[in-house]
Amino acid sequence: MLKKSFAFPIALVFFLSSCASYNSELLSPNALSIRSPSSSETEENLEVSFQSMMNSTDPEKVFLDNFDRLKSLFTRAESNLGEFDKELDESVITHNALSFEYSKSYRKLIVMWGLSHRLKDKMIFNYLKLTDIAYDNSVSADKRKLANSLLRKFKAKLDSNNPLEKISFEELKIEIENAVKARNGLLLKPMSPVEMPATSIIDDQEKVSILRKYRETFRKMGRIAQDSDDELNRIIEDKAEKLQIVDQEGREPQSELKFYPSTGPNGNVMGLIFPKNVWALTYDDGPNPVHTPVILKNLEELGIKATFFWLAENVIRYQSIVDMVGEKTMVRANHSWSHPQLPKLSDEGLQKEIVQSTAVESKSYGEKLRFFRCPYGSGNSVPRVRKMIADLGMIHVFWNVDTLDWQDKDPDSIVERAKKQMQASGHGVILFHDIHPQSVIASRKLIEWSKTLKGSENAIRWVTLPEIVDEMNGAGATK
Ligand SMILES: [Zn+2]
């Protein structure tokens, strides 16, 4: 039996420990509506799944299954991260850039990323719904009792002392905290301790040390899970099989320009045709009130400009950070409204994610947008997705170096992964996310490392996307 219990002597700060004081703030009768989901799950779907859990014969089991699934996705992704890093080592030896399209472990990682994203949305939705029900006197006593009992289970799980659970539920806790803040209109303000979600990990340093200590165990557990013939594995394999990251076939004539709004593989920015040692640093999924300002400060100190691909839902929340990044002449681009898998959406859904998000961001940034990146890189080879982006005059952007900083919590291992891919490719676009603490540290370390190459034949030139696009298209060509 692999599931052993880990002893981890850490003082825990419990949230929900005092339900009376906890609910008074959160559950005022005029509580705002549930946060809009940040994935392709619509609010209706989340509501249906919530109701089916509450009405099932064993709601607690259905509820706890979500935690097991999230944990399982984490260990499987850890295992695939290990496999990806092995492939990377081979590609460095052979001096071949690792092709994401042909890497099975990479495609599986992308699938697991999307699955855990959606699962977390579902769990956050459940959390907020349960708090509503638990203290709503118009709801039957039985139902309130059930909601309270499930909330206690939530707390117990989030405060778990098991290192694997600590690490795999950490982001869920932070996202719940943000969802509660958003609902209470406290986005930029600190919350009172009673409202804080559990903090079973003291700081990021502790998180990294837990990860380092147990990484081999997590990866081994993930490998065992992947060798099993379970439902989750079949879903991952099936989706990874179908996942097309970049289309091979052209559908339109080659333009005279290198980069232009297009629906096929030509015209895109991927970084593969950049001049030698030219690199664009990109950050996705923000703006984030905690991490984006630190990244900005680091970039400024190090004299580097980067390109940010943001979600409209965050842009609306954090206009001050949008302005701050703009004032430092960094580049702001679009990464959809709420990070769904675009190919799965109806035309109406696509309109919101591509057209409306572009309108909102363009207004917020005070300029016309030139670049769009599909969430998870999904939709790159889907004509109706690409056409909508191209019709708005935006150039579609991918990456050729993926730091996988959403799964890896260890900044040093993120830097190593980035350096190896950079070494194998020689030029391109690097993908980070400005929503994780580890990404802040890792991207700073990567830039610092790049400075040590100054004067050598491998000296790196950092560019923003408009800089390199205009340079390669011929000055002013796409202005
Ligand atoms: Zn993203």
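Is Ser336 buried or exposed? Ser336 is buried, since 27 other C-beta atoms lie within 10 Å of its own. The structure is a predicted model. Its protein chain contains 16 helices and 8 strands, and 46% of its 479 residues count as buried. Among contacts in the chain with a separation of 6 or more, 79% join residues 24 or more positions apart.

**Nonpolar cores**

- The largest nonpolar core has 62 residues, and those touching the most other members are Val269, Ala280, Phe308, Val397, Val429, Ile430 and Leu465.
- Helix α15 gives this core its largest share, 5 residues.
- Another core, of 50 residues, lies apart from the largest one, and its members include Leu46, Phe63, Phe154 and Ile176.
- Phe308, one of the residues with the most core partners, is in contact with Tyr283, Gly286, Val325, Met330, Val331, Arg332, Ala333 and Asp434, leaving aside neighbours within four places in sequence.

**Ala306 and its surroundings**

- Ala306 lies in the loop between α9 and β2, the strand of residues 307-310.
- Ala306 counts as buried because it has 25 C-beta neighbours inside 10 Å, and the cut-off for buried is 20 or more.
- Beyond its neighbours within four places in sequence, Ala306 is in contact with Leu281, Thr282, Tyr283, Leu299, Met330 and Thr464.
- Tyr283 and Met330 appear in the contacts of Ala306 and also in those of Phe308.
- Ala306 and Ala280 are 26 residues apart in sequence, and their C-alpha atoms are 6.8 Å apart in space.
- Ala280 is itself among the residues that touch the most other members of the largest core.

**Helix α4 with helix α5**

- Helix α4 covers residues 104-134 and helix α5 covers residues 141-158; their axes come within 8 Å and cross at roughly 135°.
- That angle makes α4 oblique to α5, because angles over 145 degrees would be needed for roughly antiparallel.
- The crossing of these two helices, α4 and α5, is left-handed.
- On the α4 side the contact involves Tyr127, Leu130, Thr131, Ile133 and Ala134, and on the α5 side Lys143, Arg144, Ala147, Asn148, Leu150, Leu151 and Phe154.
- By class, the residues of the contact between α4 and α5 are 8 nonpolar, 2 polar and 2 charged.
- Phe154 of α5, which takes part in this contact, is also a member of the core of 50 residues.

**Helix α9 with helix α15**

- The axes of α9 (residues 291-302) and α15 (residues 437-451) come within 9 Å and cross at roughly 10°.
- With that crossing angle, α9 is roughly parallel to α15.
- His291, Val294, Ile295, Asn298 and Leu302 of α9 meet Pro437, Val440, Ser443, Arg444 and Ile447 of α15.
- The contact of α9 with α15 has 6 nonpolar residues, 3 polar and 1 charged.

**Helix α12 with helix α13**

- The axes of α12 and α13 come within 10 Å, with a crossing of roughly 35°.
- The crossing of α12 and α13 is right-handed.
- Leu350, Ile354 and Val355 of α12 make the contact with Val385, Met388 and Ile389 of α13.
- The contact of α12 with α13 consists of 6 nonpolar residues, with no polar and no charged ones.

**Backbone features in loops**

- Most residues other than glycine have a negative phi, and most peptide bonds are trans.
- Gly286 and Pro287 are joined by a cis peptide bond, with omega about -5°.
- Pro287 is placed in the loop between β1, residues 278-284, and α9.
- Gly286, on the other side of that bond, is among the contacts of Phe308.
- Ser336 is a residue other than glycine with a positive phi, near 90°.
- The loop that holds Ser336 runs between β3 (331-334) and α12 (347-365).
- Tyr376 also has a positive phi, near 60°.
- Tyr376 is in the loop between β4 (371-372) and α13 (383-391).
- Tyr376 counts as partly exposed because it has 19 C-beta neighbours inside 10 Å, whereas Ser336 is buried with 27.

Methods:
Residues numbered from 1 in each chain as written. Predicted model: local features only at pLDDT ≥ 70, side-chain atom pairs only at ≥ 80, totals over all residues. Axes fitted to C-alpha atoms, helices over the stretch in contact; angles between N-to-C directions. Helix = DSSP H or I, 4+ residues; strand = E, 2+ residues; numbered from the N terminus. Parallel < 35°, antiparallel > 145°, perpendicular 65-115°, else oblique. Left-handed = near helix turned anticlockwise from the far one by under 90°. Contact = placed C-beta atoms within 7 Å. Nonpolar A, V, L, I, M, F, W, Y, C, P; charged D, E, K, R; others polar. Buried ≥ 20, exposed ≤ 12 C-beta atoms within 10 Å, placed from the backbone. Core = buried A, V, L, I, M, F, W, Y, C linked by C-beta atoms within 7 Å.
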